[in-house]
Structure formats: C-alpha cells, structure tokens
Amino acid sequence: MSRSKEVTVLSRFYRYLSVFLQKLLNFSTMRRLLTRIVNRVLLRAQFPPAMAIETEIHTEGRRRLVVGLGNPGMEGTRHSVGMAVLAALAARLGVADGWRGDKHISGEVIVSAARRTHVVLLRPRLPMNVNGVSVAKAAGKFGIKPEDILLVHDELDKPLGKVVLKHGGSARGHNGVRSCIDCLQTDVMPRLRVGIGRPAGNAPVERHVLGRFSSAEKKLLDSVLAESVDLLLSQLSQDDSQQQHPSSPAGGAGKT
C-alpha cells in the first residue's frame, strides 16, 4: 500500500472513530439529561403533612437517614449490596420486622434509634437511576439535612471485602449516587462504599453488577456485611459536634 493510501485509510479511520465517540458521548449525555428530567418530574409529587411517627422523630436528638441504594426486586445482586447492608443493620438494631411501605416517598422505611440519634432506614422502591427521588422525599418528610444522610452503595473500583467511608464528593460514575446529588442539589452526603470488584476478563460490567454473588463471594459477604454495619453504627454514634464538622474533607476517603 502506498504512503498516500495509508494516510487516506488512517484519516478515514480517525474520522469514523471521532464520529463514533461523539455519538457515544451524545448518548451518554442524553441519558443523563433524561434521567435528570425524570428526577424532576417525580420530585414534584407532594407528600401529606407529617403524621404521628414523623412528628415523634422531630422531638429530641439528632436525626440521620441511612439509605441502601439498589434496584427493587433485585435484592441479592451486586448492584443492590447497599440493600443487603441495610437489612443487616436493621437486624443488628433489632428492627428487621419493622419495614413499612410509604407511597409518598416511594420507599420502605424503619424508624429506630442508635444512642441519642434517631435513625430512619430507607429502601427506595424506584430504579437505581432515580433512587435520589426517594431519598430527597424522605429527607423532606423527616426533616433531615443532606449532611445527615448516609448512602450505602456498591463500588466497582474496590474488591469485595473492601469497605470505605467517604465524606461527600462526586458520584464517581455511580448512577444512584448521581441521582441523589441531583435531587438533593448537593454532594455533601457521606457514603459507605462496599466493594464488589470489576468483572474478570472482557465480561460486560452491566452483567457483572446486575448478577448475583458467586458461591465463593457469598462466603466473604457475611463478614463484609458485619464490617459495614460496624462502620455505620460507629458513624451514627459519633457526637453531634463531630458529625456537624467531619474531620475528613469532602471527597476524601474515610475508614477502610
């Protein structure tokens, strides 16, 4: 092949590649835009005035909201490991049978307590990409500030067995966290990131995150859930002054 033909072929290749990448970028941008629109539409639905249980939580002590991000109906998958952590937390608090549906926030909640802190546990009943709608509505209904919301979610970039507490910052590609940031209009929410690891070889990421834990992974999962609950309880039982002014900067890594 002559030099001029090689240049022509390369030129065409780079042009096609550029067009492909642009289309891919546009698709990703459009999907985020559509998700944001859905968030806004769903957030317009109003909830009624606080009832007895909500009034009770407004009395004394600090209020915290702990959210297990995930997909309803897909409990047990890697992407919904946040829900598994929340179930383990409810069991540790002795309130595992207390879940009740709340149509006004599109989720299931438990109201409990950890020392001087009133705790609302939330399992959104909306798809992961719009979990933030449930979180924002629950925060409004129970009078909880964004910095007092703990998001529990899966983390691709951490191996299974690695659990990290992060004090705010970007979504790092997690659609559920991105929805929460969009709906709450802030990124100050601390997160408990539970490692699920990346798929081996060329296996699709989507199939990996939506798949269930393997037999080998399940052997490790119990200790992961126990460690996650320990971290959550430690965070929830901190003094008010420490919670109001966390020592780690936004976006910084916390405990492992």
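Two rings of Phe, Tyr or Trp (its six-membered ring) count as a pair if their centres lie within 6.5 Å. With that in mind, look over the whole of this predicted model: a search of the structure turns up zero aromatic pairs.

**Stop one: a charge over a ring.** Select Trp 99 and Arg 123. The charged end of Arg 123 sits over the ring of Trp 99, and the distance to the ring centre is 3.8 Å.

**Stop two: an enclosed helix.** Now pick residues 175-184, which make up helix α5. Which of its residues are buried? Colour Gly 176, Val 177, Ser 179, Cys 180, Ile 181, Asp 182, Cys 183 and Leu 184, and you have them. That's eight of the ten residues in α5, so the helix is largely enclosed by the rest of the structure. Step just past the helix and you'll meet Gln 185, whose phi is positive, near 60°.

**Stop three: the cavity.** How many cavities of 30 Å³ or more does a search of the whole structure find? It finds one, and the space inside the largest cavity comes to about 40 Å³. To see what surrounds that space, select His 153, Glu 155, Lys 166, Ser 170, Ala 171, Arg 172, Val 177, Arg 191 and Arg 193, which line the largest cavity. Two elements, β5 (149-155) and β7 (190-195), each give two or more residues to this lining. Try colouring the lining by residue type: five of its residues are charged, two are polar and two are nonpolar. You've already met one of them, Val 177: this residue lines the cavity and is also among the buried residues of α5.

How values were computed. Residues are numbered from 1 along each chain as its sequence is written. This is a predicted model: local features need pLDDT of at least 70, side-chain atom pairs count only at pLDDT 80 or more; totals for chains, interfaces and linings use all residues. Side-chain values use heavy atoms; hydrogens and water are left out. On a 1 Å grid over the protein atoms alone, a cavity is a set of points where a 1.4 Å probe fits but cannot get out, and a pocket is an open set with protein on both sides within 12 Å along at least five of seven lines; lining residues have an atom within 4 Å of a point. Grid points are joined across faces, edges and corners, and a volume is the space filled by probe spheres set on the points. Helices (H or I, at least four residues) and strands (E, at least two) are DSSP runs, numbered from the N terminus. Ala, Val, Leu, Ile, Met, Phe, Trp, Tyr, Cys and Pro count as nonpolar, Asp, Glu, Lys and Arg as charged, and the others, Gly among them, as polar. Rings of Phe, Tyr and Trp (its six-membered ring) pair if their centres lie within 6.5 Å; planes under 30 degrees apart count as stacked, over 60 as edge-to-face and the rest as tilted. A charge sits over a ring if NZ of Lys or CZ of Arg is within 6 Å of the ring centre and within 35 degrees of the ring normal. Buried means under 20% relative accessible area, exposed over 50%, partly exposed in between (1.4 Å probe, protein chains only).
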